[in-house]
Amino acid sequence: MGKSRARRFRRAPRNPEPSRDGLDGIGEEEPAAELLDKLQHPSAEVREFACASISKLLQQKHVIPAFLQRDVVRCLGPLLMDHSLAVRETAAGALRNLSACGGFEVCDDMVTNDIMTPLVALLKECSSGLDANQPSPKKCREMNKNYIEDIANEAVNLLWNVCECNNTAVYIFNKEGCLEDVLRCMKKFATNVDLAISVANCLQAVTEDNPDLLSSFNASAQQVLEMVMLSAESTMKHILLRTLIAGTIWNIKNTIPAGSLGSMVNAILKIFSESLAIDAGKMIIHMNEAEKNRLKLAEEAEAEENMSDVLDNRVVNEDDDMEETPKGKVVKENDISDLLPSDKWELKEVTALLTAQQTALEIIVNMCCSEDPSDDEWEELSSSDESDLFMENSYNEGSGLLMSPLCLSDEVNSAFLNNLIPKKILEKTAFPNSVALDICMHNPSWKPLIKKLNAVQCRALTCLHSILLVSDVDCLGGASALQSLAQHLSQLVFSEAELPTDTEFLEAVTSALRALLQTMASKNISQCMTAEQLLTLCEAAIHSGNASVRVNVVSILGISGSVLAKGQDTAETLKMIGKFLLEVAMKESSLVVAGEALDALFDVFADGKEAETAAAQIKLLQVLKEFQPVFKMRIRKEGKGQYSTDQLCVLDNVKMNLRRFIAYQETLGKTPT
């Protein structure tokens, strides 16, 4: 308990955007059984239509069980190698939607039903066909469609989804040498950035915690990644692509020669800096205006075309045999319709930017974290003294907050610190631009961006939390910089009439605040937030359904109270803090939170006249002596099965500290009244 740990982000399934290919013009929904039967139809067009219909339906989670009961995976799987390229694409799209919308259990079921066999075969065929300079069928040319690349995109997305959810899929990826195939797809990044982004997402998933794959990243493979990282395209999609590749390179850093590690980190941080430097709020405003102009231009072009139709219909054609111009196909000189951007390209650009920023912040958090501890140790549960986290070798770039990652050498630390611009991270912790939010609120297709904007803010706060844990105070900018940061966090929490209730935001901001107060208290830096403000926050946040939020707020009170205990005329405030922490310890449903509350009490009432006075007035010793057997019984009854071994060890430490604290209080003469 007590000190907080840096949190490491492990990639969770992002529910990638479902495939939309082949869904336009789909008619009424047909029963699952009827559609699955049509997959065996001799007509390729019927099979394609059935796949597209299934693909559309699978985006609705409530219909997925009906398809699973009818063995949809084994029905669609063989169509990945269908003679018709259109059927392959729509079948892959349907399976992609099933994996994206179904989650872990469905992906496990897909692997169990041997989806990897046809998927790997399809991927390898697409990979070998990418470089084959065979002329496309006439229909493909007319549609300006590259079937091989489009099928590869669907296949890679499906591969990404199942590998992110299932270890067996990752094992098969390694065993079948799929890395070479996806890297061949990556080489198309200059002409098909969407395919490259799909590959980059897949690579990030399969390279995380996968040491067996590292040996496959030879010089040739690394050269492909380096080529993408050094590309100069400035679209938001390309920025996202470079960010994802930077994350992949960080995952495989153990394959990089020691002498090149510094330049590798330099390159990674340059990419992150590029994405974080962009103001997403201003980008939304700009792109929304661009969308309006594009739509206006399209409307004017359509009106002009309709007027041409009207004029053409008025012309008396004396030659009855002359062929009429098809309606809607009037050919005009200087027609720019083919040059206009594709539908919703502005929205896709903003989405790519926000995804890049979120990804960059998550990777920075991971760069600050040691990779040794187990998953359980990332929770806020450690009772050990973590003063070793505050390292001496940080670098002050003059703009405040910087970091020194625990898992890097001093040489790489320098590269890390010299290339990161912490001001950009701080800027991302602010609330999103109000004008941009208003645009998103009043535009249904842009509304999902609100969630992405909030996610970037939360990741930035978590990043700030990690920075505070691993940086020396002087390199953070000194006492004044920390006090300014405290005011900034205070504004985030107290700027509105009502305290924030969003769980993700509360966890992120209370984690950052906890780490900041820890740092300030350890260096005797005066705190800007009053105890009353912190109590208000804690009284509201203690009712959060997120245990990490509750752990953070009781720890915050413990830190603040321990500082107050050293002052004068603070007994009344300490009484309020003590009562609050006692109530949490006795009534909290989670033993972890209850244990944190006890730890906070030990800190607050450890020493000082004001603490002694307050402890006597709230009868702290008497209450704790009565509560001690209750706490021991709860650990014995609730511990096994509900908490991990590490958590139980921490709780045993709290139980032992409770006994020692009671004995200490008794030596001070605090006897029950």
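## F505 and its partner F431

In this predicted model, F505 counts as buried, with a relative accessibility of 5%, whereas F431 is partly exposed, its relative accessible area being 39%. By the pairing rule applied here, the count comes to 4 aromatic pairs. One of these is formed by F431 and F505, a tilted pair whose rings are 5.5 Å apart centre to centre, with 35° between the planes.

This pair links distant parts of the chain, since its two residues are 74 residues apart. F431 belongs to the loop between α20 (422–428) and α21 (434–441), while F505 is found in helix α24, which covers residues 503–522.

## F661, Y664 and their cluster

A further pair brings together F661 and Y664, whose ring centres are 6.4 Å apart and whose planes stand at 45°, so that this pair is tilted. Both residues lie in helix α31 (residues 645–667), where they are 3 residues apart, or about one turn of the helix.

F661 is buried, with a relative accessible area of 6%, whereas Y664, at 30% relative accessibility, counts as partly exposed. The two residues also take part in one aromatic cluster, which they form together with F602.

## A lysine over a tryptophan ring

Elsewhere in the predicted model, an aromatic ring is found with a lysine rather than in one of the pairings described above. K253 lies over the face of W250, at a distance of 4.3 Å from the ring centre.

Definitions and conventions:
Residues numbered from 1 in each chain as written. Predicted model: local features only at pLDDT ≥ 70, side-chain atom pairs only at ≥ 80, totals over all residues. Heavy atoms only, no water. Phe/Tyr/Trp six-rings, centres within 6.5 Å; stacked < 30°, edge-to-face > 60°. Helix = DSSP H or I, 4+ residues; strand = E, 2+ residues; numbered from the N terminus. Buried < 20%, exposed > 50% of the residue type's maximum accessible area, 1.4 Å probe, protein only. Lys NZ or Arg CZ within 6 Å of the ring centre and 35° of its normal.
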